Amino acid sequence: MTDREHYTSGPASGAQVRKDGDKWTLILVRELRHSPEKVWQALTDPAHLREWAPFDADRSLGTVGTTAKLTTVGAPSPHVSEATVRRADAPRMLEYNWGRFDMRWELEPVGGGTRLTLWTNIGRPFISMGAAGWHICFDVLDHLLSGTPIGRIVGPDAIKFGGWQRLNAEYAKQFGIDSPE
Amino acid sequence: MKIKLTTILVDDQDKALRFYTEVLGFAKKTDFSQGPYRWLTVTSPEEPNGTELQLSLNNNPAAKAYQQATFQQGQPAAMFFTDDVKGDYERIKARGAEFTKPPTDVTFATIAMLNDTCGNLIQLTQLARY
């Protein structure tokens with residue numbers, strides 16, 4: 001069996017939801033046993049993003065002012081969004097938009113590792129799904145950084161993967177949004 | 001094979017969902033999202049398992065150009081069939097929709113045309129009975 005077949009996701013944790021007017025923000029925190037420099041590369045380099053992120057980037061996201069095309073992986077029809085890098089303070093803070101969503105990544109050195117925080121706005125009905133999807137992406141990122149990549153699990157692969165349904169339900173319960181509307 | 005879905009381009013999916021449900025009276029059927037991608041469909045409450053209309057974001061140049069040219073030529077982007085076009089005209093107008101054509105007799109039908117506020121003209125069609 002490969003590492004991908006062995007992979008299981010842990011319990012839902014490290015996520016919060018913030019509401020500001022009509023705007024909902026999902027905040028996800030993950031501690032990684034790898035340096036901020038290494039994590040930064042995984043967040044910005046297209047070859048690394050391809051191994052874990054839910055989108056493909058046509059160029060590096062590591063330079064402020066860059067406009068990149070981000071292709072959603074696994075969408076039912078081709079979906080390309082423009083992204084403009086608004087802040088790129090390597091290896092601490094990265095901000096860009098993914099289509100109409102704002103993405104803010106903060107990398108804090110903790111011991112020898114990194115506390116990674118993602119802020120992303122998201123439609124209310126999709127908060128728990130988004131949290132479950134990013135949870136799995138972060139697990140896959142951790143494998144990548146550890147030198148044992150298992151290949152990204154996004155879109156249909158994430159939904160088919162049993163853990164996604166459970167995580168979706170657990171996050172929905174944590175956020176108090178059992179009913180989707 | 002079955003025809004279960006047709007797609008209309010919209011400039012804003014939240015706005016489109018409000019218009020197609022609150023003004024036109026359709027019901028939300030499926031709604032899921034993956035990042036900025038969102039699969040959003042509505043159906044008629046008269047036929048909840050009938051053909052779905054996908055409200056698809058026009059976020060690419062080909063979609064925008066096609067949608068604008070179609071609108072400028074006065075071509076409807078979709079046609080809905082009704083048994084009471086005059087009644088639907090009054091009902092939808094009362095909810096604030098702008099009609100570019102009131103109920104009008106044409107060959108084999110009575111039609112009306114409205115602006116969906118998302119970049120499209122929509123035709124309502126009631127087939128004539130002879």
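A salt bridge is a side-chain nitrogen of Lys or Arg within 4 Å of a carboxyl oxygen of Asp or Glu. With that in hand, let's explore this predicted model.

**Exercise 1.** Work out what joins the side chains of Lys69(A) and Glu82(A), and which parts of chain A the pair ties together.

*Solution.*
- Step 1: The N to O distance for Lys69(A) and Glu82(A) is 3.8 Å. The cut-off is 4 Å, so the pair forms a salt bridge.
- Step 2: Lys69(A) lies in strand E4 (residues 67-72), while Glu82(A) lies in strand E5 (residues 80-89), so the contact ties together parts that are 13 residues apart in sequence.
- Step 3: Partly exposed covers the range between 20% and 50% relative accessible area. Lys69(A), at 43%, is partly exposed, and Glu82(A), at 47%, is partly exposed too.

**Exercise 2.** Find how Asp88(B) and Arg91(B) are placed in helix H3, and decide whether each is buried or partly exposed.

*Solution.*
- Step 1: A salt bridge links the two side chains, with 3.1 Å from N to O.
- Step 2: Both residues sit in helix H3 (residues 85-94) of chain B; they are three residues apart, which means a separation of about one helical turn.
- Step 3: Buried means under 20%. Asp88(B) has 17% relative accessibility, so Asp88(B) is buried. Arg91(B), at 30%, is partly exposed.

**Exercise 3.** Name the residues of chain B that are linked in a network of salt bridges, then give the count over all chains.

*Solution.*
- Step 1: The network links Asp14(B), Lys28(B), Asp31(B) and Arg38(B).
- Step 2: Over all chains, the count comes to 17 salt bridges.

Technical notes. Residues numbered from 1 in each chain as written. Chains lettered and ligands numbered in written order. Predicted model: local features only at pLDDT ≥ 70, side-chain atom pairs only at ≥ 80, totals over all residues. Heavy atoms only, no water. Helix = DSSP H or I, 4+ residues; strand = E, 2+ residues; numbered from the N terminus. Buried < 20%, exposed > 50% of the residue type's maximum accessible area, 1.4 Å probe, protein only.
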